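Please take a look at the protein shown here. The paragraphs after it go from the whole chain to one helix.

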Amino acid sequence: MRYNKRELKLRLDYNNMMSSSIGKEGLSEKDFRNIESEIAKAYTVVEAGKGIGMMGWATLPSTQKDVVSDIIATAKEIRKNYEYFVVLGIGGSALGPIAAFQALCHLHYNDLPKRKRRGPKFYVEDNVDPERMRSLFDVIEPEKTMFNVITKSGSTSETMSQYLIIKSMLDEKLGKEEANKHIIATTSKDAGNLIKIAKEEGYKTFYIPNGVGGRFSELCPVGLLPAAVVGIDIEGMLQGAQYMLDISESDNIKKNMPLMAGVLQYLAIKRGKNISVMMPYADGLKYISDWYAQLWGESLGKNLDLDGKPCNVGQTPVKALGVTDQHSQVQLYAEGPFDKVITFIGVDKYRTEVKISDGCENFKDVNFLCGHTMNELIQAERMATEFAITKARKMNHTIMLPELNAFTFGELLMFFMLKTSYTGALLRIDTFNQPGVEEGKKATYALLGRPGFEDKKAELDKAQAKQKKFIM
Ligand code: PA5
């Protein structure tokens, strides 16, 4: 599909980050001037890094022609032959597929009759709650299900345990030969166990390119295959992402939206704003907040800077949904501590319009709603909340999507990945590692007896022994 770039460009309104809107709580032009050289350096670091090392994700929109063709062909076969598509993965191997599905498919997709769906029913199993696994078995039919096992490391306990359960169930129900046609592996080409298993069993396999970390992987087969299966225009997503990359080429902060957003957030962090709230006003964008929470939290939450000196930086991501959370969290945002930056996401044109019906003529306080649309109502509520938060002098800014489609969704993903990279560069940390996550993974291996983790088990036993005194 062709998209009109200019009409679909995202906009960033950062008026309410500035002192002109929120007084002394806000930023001034001087704040930007004071860090001009830091900004220039962060820009250069990100620009030079694109496509290199752990920034392999920054060239994905233009380097996957053959992969995309394979994905589209595979997705077509899956749509023809399967009624259920189940992703087994966690963290970066699940949150992108969930966000894209929610953003770009019918909001009650799985409940639609088959003829109205663009693909099989879709499930992402990103937990190891036994009740959830059992519930999945109650709603799928194994002989009509394709499983996509996604793990970059090829060894994550959660995903590999799910794989073992599914594989044994399929073998038992369908026989080994048929079972192997129901599993697609998405993993690293040359690391971990899944690739070895996939080769041994003869699974169709897609590769996660080197330099693409879990939380930066939605635009590679991790996200593209599940998206294509449910009928999302993955080429449109990549075009949108490329457009945002093009925008990020400018070294002029006033023209480079992700750079501006990264700098704003950096300046806010420096002023002690330790919480980053993401509040989209669209149900379709509800789970982009989960994806962002991982991206922002894992990338910036670090204890050492690039010189190896302690820094303990980061900003805690918080998820909210407009308008739902106006009736839950906004009281805190307005009147609570000055420790947050709120990112609103608005949509100019929703994909449908719903008129508020006439009625209640004798009740003026209800009847005023008649003649309006839900579209007007949600816009009014977003603007009203922005107004209230700004009046309370809390830092906030708004990203506007002209509409929500594959192109703008791709733009948004790339916008956040670039913004995160710029903020990480300004903070002078390694944006792309996650030693804190790895530590937990290793401890799980140790607790469950994985060979090679005996020392970690001893460390855990020692730590647990110490804790016993304080158990009630
Ligand atoms: O961002 C990351 O790298 C991690 O959070 C991973 O996405 C997560 O731990 C899952 O890892 P894997 O894809 O290796 O199973």
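What radius of gyration does the protein chain have, and what would a compact globule have with 472 residues? This is a predicted model, and the protein chain in it comes to 24 Å. A compact globule of 472 residues would be near 23 Å, so the chain agrees with that value. Along the principal axes, the C-alpha atoms fill a box of roughly 65 × 60 × 55 Å.

Next, the fold. The protein chain holds 19 helices and twelve strands. Take the contacts in the chain with a separation of 6 or more: 75% of them join residues 24 or more positions apart. Burial is given for the 472 residues as well, and 52% of them count as buried.

Now the surface. About 22,600 Å² of the protein chain is accessible. Carbon and sulfur atoms account for 53% of that area. As for charge, there are 62 positive and 59 negative side chains. The centres of these two sets lie 2 Å apart.

Finally, one helix. Helix H5 covers residues 95–104 and is mostly covered itself, with ten of its ten residues buried. The run begins with Leu95, Gly96, Pro97, Ile98 and Ala99, which are buried. Ala100, Phe101, Gln102, Ala103 and Leu104 are buried too. What covers them? The cover over the buried residues of H5 includes one strand, E3 (121–125). It also includes helices H10 (221–229), H11 (234–247), H13 (288–300) and H17 (406–427).

Conventions: Residues numbered from 1 in each chain as written. Predicted model: local features only at pLDDT ≥ 70, side-chain atom pairs only at ≥ 80, totals over all residues. Heavy atoms only, no water. Helix = DSSP H or I, 4+ residues; strand = E, 2+ residues; numbered from the N terminus. Rg over C-alpha atoms; globule rule 2.2 N^0.38 Å. Buried < 20%, exposed > 50% of the residue type's maximum accessible area, 1.4 Å probe, protein only. Contact = heavy atoms within 4.5 Å. Areas by Shrake-Rupley, 256 points an atom, 1.4 Å probe, with all protein chains shown as cover. Lys, Arg positive; Asp, Glu negative; His and termini not counted. Charge placed at Lys NZ, Arg CZ, Asp CG, Glu CD.
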